[in-house]
Amino acid sequence: MERMRRLLRTDDVVAKVRQDIADGVYQPGDELPKPARLAAELGVLDRAVESAYRQLTEVGAVVANLSTGGMVVADPTLDPTVRDLLRAVAAMQQQLDRLERRVEELNDRVDTVSHSVREARIEADRRVDRRY
């Protein structure tokens with residue numbers, strides 16, 4: 001259990017990224033490492049990094065790079081309206097991603113039901129053929 005807690009240290013990841021930004025490791029406009037890479041470097045789960053990036057996005061420290069899907073250090077000189085707009089766009093993108101996953105799940109269910117119906121029809125046809 002302790003190992004799992006160590007692997008899920010989202011707050012530690014947030015603190016590390018903030019410190020790296022403060023130390024100039026990452027400058028405004030720099031893309032942050034992909035979650036899997038940073039997770040490997042820090043010895044945490046990918047989910048911890050993904051959660052940290054979400055938290056950093058919510059406070060405006062990083063923004064989503066809409067062209068690459070990665071995360072970029074925010075420019076603190078941006079107009080607050082622009083930052084709010086970027087956060088809103090990122091939130092909409094996350095919602096669209098969730099909806100896309102849900103649609104895929106529903107399509108999988110439809111495929112499963114369709115397959116079951118086909119199998120049932122084939123079996124019913126066999127029973128009818130046996131009677132004659």
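Begin by selecting helices α2 and α4, where α2 passes α4 in a right-handed crossing. The coordinates on display are those of a predicted model.

**First stop: helices α2 and α4**

Helix α2 covers residues 10-22 and helix α4 covers residues 46-58. Their axes come within 8 Å and cross at roughly 60 degrees. That angle makes α2 oblique to α4. By class, the contact between α2 and α4 comprises eight nonpolar, three polar and two charged residues.

To display this contact, select Thr 10, Asp 11, Val 13, Val 14, Val 17 and Arg 18 on the α2 side. On the α4 side, add Ala 48, Val 49, Ser 51, Ala 52, Tyr 53, Gln 55 and Leu 56.

**Second stop: Thr 10**

Keep the display and centre the view on Thr 10, which lies in helix α2. Is Thr 10 buried or exposed? Thr 10 is buried, because its relative accessible area is 13%, and the limit for a buried residue is under 20%. Neighbours within four places in sequence aside, the residues in contact with Thr 10 are Ala 48, Ser 51, Ala 52 and Gln 55.

**Third stop: helices α3 and α4**

Next, hide α2 and select helix α3, residues 35-42, together with α4. The two helices pack at an angle of about 115 degrees, and their axes are 8 Å apart. Here too the crossing is right-handed, with α3 passing α4.

Which residues of α3 meet α4? They are Pro 35, Ala 36, Leu 38 and Ala 39, and they meet Asp 46, Val 49, Glu 50 and Tyr 53 in α4. Sorted by class, the contact of α3 with α4 has six nonpolar residues, no polar residues and two charged residues.

**Fourth stop: Tyr 53**

Now select Tyr 53, a residue of helix α4. Tyr 53 appears in the contact of α4 with α2 and also in the contact of α4 with α3. Its relative accessible area is 4%, so Tyr 53 is buried.

Show the surroundings of Tyr 53, leaving out residues up to four places away in sequence. Tyr 53 then touches Val 17, Leu 32, Pro 33, Pro 35, Leu 38, Val 62 and Met 71. Among these, Val 17 belongs to α2, while Pro 35 and Leu 38 belong to α3.

**Fifth stop: Thr 68**

From Tyr 53, move 15 residues along the chain to Thr 68; the C-alpha atoms of the two are separated by 15 Å. Where does Thr 68 lie? Thr 68 is placed in the loop between β1 (62-64) and β2 (71-73). Its relative accessibility is 43%, and therefore Thr 68 counts as partly exposed. Apart from neighbours within four places in sequence, Thr 68 is in contact with Glu 31 and Lys 34.

A further selection is Arg 118, 50 residues from Thr 68 along the chain. The C-alpha atoms of Thr 68 and Arg 118 are 42 Å apart.

**Last stop: the whole chain**

Finally, show the entire protein, which has five helices and two strands. Followed from the N terminus, the elements run α-α-α-α-β-β-α. The C-alpha trace spans about 85 × 40 × 20 Å along its principal axes. The radius of gyration is 23 Å, whereas a compact globule of 132 residues would have one near 14 Å.

Colour by burial to find the buried residues, which make up 23% of the 132 residues. Of the contacts with a separation of 6 or more, 57% are between residues 24 or more positions apart.

Definitions and conventions. Residues numbered from 1 in each chain as written. Predicted model: local features only at pLDDT ≥ 70, side-chain atom pairs only at ≥ 80, totals over all residues. Heavy atoms only, no water. Axes fitted to C-alpha atoms, helices over the stretch in contact; angles between N-to-C directions. Helix = DSSP H or I, 4+ residues; strand = E, 2+ residues; numbered from the N terminus. Parallel < 35°, antiparallel > 145°, perpendicular 65-115°, else oblique. Left-handed = near helix turned anticlockwise from the far one by under 90°. Contact = heavy atoms within 4.5 Å. Nonpolar A, V, L, I, M, F, W, Y, C, P; charged D, E, K, R; others polar. Rg over C-alpha atoms; globule rule 2.2 N^0.38 Å. Buried < 20%, exposed > 50% of the residue type's maximum accessible area, 1.4 Å probe, protein only.
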